[in-house]
Amino acid sequence: MPALVDRSVMSTIKSRDTIMGEIMMKTGVSNMGEISDTALSSSKITKGLLICWLTDVCRLLNEGAIPLMEDAASNLTRLSELEEQNEKNQKTIIQLQSEVISKRDEEIKEMKESLQSAVQSAVQSTVETGMKSYASVVTKSCKNAFAPKRICSALQTVAENTERKKNVIIYGVEEKESEALSTVVEDILEEIDEKPVVRDCCRVGLKKADSIRPIKFTLRSQDLVYQVLRKAKGLRVKDGYQKVYLSPDRTVEERAAHRMKLLEKKQAAADKGSKDTGTV
């Protein structure tokens, strides 16, 4: 179609140039802009020539210019229709995208709700089954295990162990008269870049002339205790704190087990040293 239009345009231009060239030659002008009523009124321009030129111009308009203008008008109308349709298509695409996104969000929400419901149901069923089994075993083998006194004792033990895990023991800090233990503890913790809130600072045990009592203090959580103990090894390289070390607040049984473990490590190290030096 574009090639056909180009040929039509070129043909129309060629016909126009032929007609205008003949008129310019007959009227003696050098360009189209000089053609005027005066030039066409020359005695050289006969009525027959005028009729011939008029006929050629009408034919040019009818066969060339007018069809081209009609095609241009039709193309403009079609272009406008296509632009309008394109705008509608874009709106439709945007609407469909929104609907797809909304539908996807709804499906995801339904899947999450369904999954949560299934998990809750499974957990509830497992817990109920476990509780029934546990209750059955306890009922058969430990009829007196939940006597009021034993329950209170067990709860008290759990509470004490939970609170003990929030405590830290500091060894190796020299005792002084009228000492501000909170300040002493805070200064030690600052050496390992820790500044937690400390409370209930006190010396543990009976005061004796030949021994230094450890300091016990409490933090807000077990996580803070773990963090402080993990960094406490850094005191070994701090001036004035080489003999200071921190440990968890252990029970009597835990202290005995820890002491035994240290002795075993010490003995293993000694045995290894003896083998390395060749001694027995």
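Two strands are taken as paired if DSSP finds at least two bridges between them, and helices (H or I, at least four residues) and strands (E, at least two) are DSSP runs numbered from the N terminus. The exercises concern a predicted model, in which local features need pLDDT of at least 70 and side-chain atom pairs count only at pLDDT 80 or more, while totals for chains, interfaces and linings use all residues. Residues are numbered from 1 along each chain as its sequence is written, and side-chain values use heavy atoms, with hydrogens and water left out.

**Exercise 1. Strand pairing**

Work out which strands pair with S1 and with S3, and in which sense.

Solution. Begin with S1 and S3, which pair in the antiparallel sense over four bridges; here Asn167 stands opposite Thr218 of S3. Next, take strand S2, residues 199-203, which pairs with S3 in the antiparallel sense over three bridges, and in which Arg199 has Thr218 of S3 as its bridge partner. Thr218 therefore appears in both pairings, facing Asn167 and Arg199, given that pairing rests on DSSP bridges. Finally, S1 and strand S4, residues 245-248, pair in the antiparallel sense over four bridges, with Pro248 in S4 as the bridge partner of Val168.

As for the surroundings of S1, four of its five residues are buried, so the strand is largely enclosed by the rest of the structure; buried means under 20% relative accessible area, exposed over 50%, and partly exposed in between (1.4 Å probe, protein chains only).

**Exercise 2. The nonpolar cores**

Identify the elements that contribute to the largest nonpolar core, and state which of them gives the most.

Solution. A nonpolar core is a set of buried Ala, Val, Leu, Ile, Met, Phe, Trp, Tyr and Cys residues joined through side-chain atoms within 4.5 Å. By this criterion the largest core has 20 residues, and those with the most contacts inside it are Ile170, Val185, Ile188, Leu189, Phe217, Val244 and Leu246. Two or more residues come from each of strand S1 (167-171), helix H5 (181-191), strand S3 (215-218) and helix H6 (222-231). Of these, H5 gives the most, with four residues.

For a closer view, take Ile188, and leave aside residues up to four places away in sequence: with contact meaning heavy atoms within 4.5 Å, Ile188 touches Ile170, Val173, Leu235, Tyr241, Val244 and Leu246. Apart from this core lies another, of seven residues, including Ile19, Met20, Leu49 and Leu60.

**Exercise 3. Salt bridges and their exposure**

Determine how many salt bridges there are, and for the pair Glu179 and Arg203 say which parts of the chain are tied together.

Solution. A salt bridge is a side-chain nitrogen of Lys or Arg within 4 Å of a carboxyl oxygen of Asp or Glu, and by this rule the count comes to 10. In one of them, Glu179 and Arg203 have their closest N and O atoms 2.8 Å apart. Glu179 lies in the loop between S1 and H5 and Arg203 in strand S2, so the pair ties together parts that are 24 residues apart in sequence. Glu179 is partly exposed, at 23% relative accessible area, whereas Arg203, at 13%, counts as buried.

Then consider Arg199 and Asp200, whose side chains meet at 2.9 Å, N to O; Arg199 is partly exposed at 36%, and Asp200 is exposed at 52%. Lys166 also forms a salt bridge with Glu163, the closest N and O atoms being 3.7 Å apart, and Glu163 is partly exposed at 39% relative accessibility.

**Exercise 4. The chain as a whole**

Decide whether the chain is more or less spread out than a compact globule.

Solution. The chain has seven helices and four strands, following the pattern α-α-α-α-β-α-β-β-α-β-α along the sequence. Its radius of gyration is 53 Å, well over the 19 Å that the globule rule gives for 280 residues, so the chain is more spread out than a compact globule; the radius is taken over C-alpha atoms, and the rule is 2.2 Å times the number of residues to the power 0.38. Along the principal axes, the C-alpha atoms fill a box of roughly 150 × 60 × 55 Å, and 18% of the 280 residues count as buried.

To finish, take Ser211, which lies in the loop between S2 and S3 and is partly exposed at 35% relative accessible area. Its C-alpha atom is separated by 130 Å from that of Ile19, 192 residues away along the chain.
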